[in-house]
Amino acid sequence: MQYGYQCEDCEIAIFPATTRAELSWLRDRVHVVREVAKHAHTGLDSWMLEGLAFLDEHSDHSIVLVSRRN
Ligand SMILES: [Zn+2]
């Protein structure tokens with residue numbers, strides 16, 4: 001299974017290469033992670049950058065965790 005974020009308003013989804021637990025963690029802590037990211041431009045995993053960009057782009061929208069078969 002792959003896990004990702006889906007925006008219910010825009011009906012688009014992304015599936016970064018990570019686990020469901022990590023995606024859930026990032027979504028719950030996006031404000032904290034964004035602050036850390038401002039000061040640490042290197043060392044962030046690509047799934048985290050991808051997830052942050054999506055959460056930023058849809059910050060006023062309803063984001064749900066979704067899964068799909070490979
Ligand atoms: Zn959206």
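1. In this predicted model, a convenient place to start is the pairing of Tyr5, whose bridge partner in E2 is Ile14. The neighbouring position can be read in the same way, since Gln6 has Ala13 as its bridge partner in E2. Altogether, E1 and E2 run antiparallel and are joined by three bridges.

2. The connection between these strands deserves a look at the backbone. E1 and E2 form a hairpin with four residues between them, and Glu11 lies in that loop. Glu11 is not a glycine, yet its phi is positive, at about 60°. For context, most residues other than glycine have a negative phi. Is Glu11 buried or exposed? Glu11 counts as exposed, because its C-beta neighbours inside 10 Å number 7, and the cut-off for an exposed residue is 12 or fewer.

3. On its other pairing, E1 is joined to E3 by six bridges, and these two strands also run antiparallel. One position to inspect here is Cys7, which stands opposite Ile63 in E3. Taken together, the three strands make an open sheet in the order E2-E1-E3, with antiparallel pairing. E2 and E3 are therefore the edge strands, each having a single partner strand, so that one side of each has no neighbour in the sheet. Ignoring direction, neighbouring strands of this sheet are turned against each other by 35° on average.

4. The overall arrangement is simple to state: the protein has three helices and three strands, and along the sequence they follow the pattern β-β-α-α-α-β. Among the contacts with a separation of 6 or more, 66% are between residues 24 or more positions apart. Buried residues make up 14% of the 70 residues.

5. As for overall dimensions, the C-alpha atoms fill a box of roughly 35 × 25 × 15 Å along the principal axes. The radius of gyration is 12 Å, which agrees with the value near 11 Å for a compact globule of 70 residues.

6. Helix H3 covers residues 46-57, which makes twelve residues, and from its first C-alpha to its last it reaches 17 Å, close to the 16 Å expected at 1.5 Å a residue. Which residues of H3 are buried? They are Gly51, Phe54 and Leu55. These residues lie on the same side of H3, because they cover an arc of only 95° around the axis. The face turned away from that buried side carries Ser46, Ala53 and Asp56, which are exposed.

7. The packing of H3 involves both strands and helices. Its buried residues pack against the strands E1 (2-7), E2 (12-14) and E3 (63-68), and also against the helices H1 (20-28) and H2 (30-39).

8. A single residue of H1 gives a closer view of this packing. Leu26 is found in helix H1, and Leu26 is buried, because 21 other C-beta atoms lie within 10 Å, where the cut-off is 20 or more. Which residues does Leu26 contact when its neighbours within four places in sequence are left aside? They are Val33, Met48 and Gly51. Gly51 is itself one of the buried residues of H3, and although Leu26 and Gly51 are 25 residues apart along the chain, their C-alpha atoms are separated by 7.7 Å.

Methods: Residues are numbered from 1 along each chain as its sequence is written. This is a predicted model: local features need pLDDT of at least 70, side-chain atom pairs count only at pLDDT 80 or more; totals for chains, interfaces and linings use all residues. The expected span of a helix is 1.5 Å times one less than its number of residues. The arc is that of the directions from the helix axis to the C-beta atoms. Two residues are in contact if their C-beta atoms, placed from the backbone, lie within 7 Å. The radius of gyration is taken over C-alpha atoms; the globule rule is 2.2 Å times the number of residues to the power 0.38. Two strands pair if DSSP finds at least two bridges between them. Axes are lines fitted to C-alpha atoms, for helices over the stretch in contact, and angles run from 0 to 180 degrees between N-to-C directions.
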